[in-house]
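Here's a quick briefing to read alongside the structure. Take a look at the chain first, then work through the points below.

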Amino acid sequence: MADKTSSRRIALLAFAAGAGVALASSGLIQGALANQPNMWRAMGALQNARAALMEAEPNKGGHRERAIELVDKAIEETRAGIEFAR
C-alpha cells in the first residue's frame, strides 16, 4: 500500500516538474525565471522539502505536520515575492 502511495507521489512530482519545464521552455515564465533565479531555486528546494516530509513516518509528535505547515507557508511567501517583483 505504501509503495502505491509513494509511486503516485513520485509520478505527481515528475508530472509537476515536467509541466514546469514545459512552461519555462515555452516562454510563458521565461522572464520571471531569468529575473528571479534564486526565488525559483528556493521554490524548488521548498517543494522537494515538502515531498520529503510527506514521505517521512508520522511518528514525530506532531513536529512533521508542523514542518509541513511551515514549508507550505514558505511556499506561499515565495510565490508572493515572485509575483510582487514582476
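**Fold at a glance**

Starting at the N terminus, the elements run α-α-α-α. That gives 4 helices and 0 strands in the chain. Keep in mind that this is a predicted model.

**The chain as a whole**

- Of the 86 residues in the chain, 15% are buried.
- About 6,300 Å² of the chain is exposed, and 62% of that comes from carbon and sulfur atoms.
- Take the contacts with a separation of 6 or more: 58% of them are between residues 24 or more positions apart.

**Helix α4: length**

- Helix α4 covers residues 63-84, which is 22 residues.
- At 1.5 Å a residue it should span 32 Å, and the C-alpha atoms at its ends sit 31 Å apart, so the two values agree.

**Helix α4: its two sides**

- Which residues of α4 are buried? They're R64, I68, V71, I75, T78 and I82.
- Those buried residues take up an arc of only 85° around the axis, so they lie on the same side of α4.
- Flip to the other side of α4 and you'll find H63 and F84, both exposed.
- As for what covers the buried residues of α4, that includes α3 (37-55).

**To take away**

- The chain is built from 4 helices, and α4 keeps its buried residues on the same side because they fall within an arc of only 85°.

How values were computed:
Residues numbered from 1 in each chain as written. Predicted model: local features only at pLDDT ≥ 70, side-chain atom pairs only at ≥ 80, totals over all residues. Heavy atoms only, no water. Helix = DSSP H or I, 4+ residues; strand = E, 2+ residues; numbered from the N terminus. Expected span 1.5 Å × (residues − 1). Buried < 20%, exposed > 50% of the residue type's maximum accessible area, 1.4 Å probe, protein only. Arc of directions from axis to C-beta. Contact = heavy atoms within 4.5 Å. Areas by Shrake-Rupley, 256 points an atom, 1.4 Å probe, with all protein chains shown as cover.
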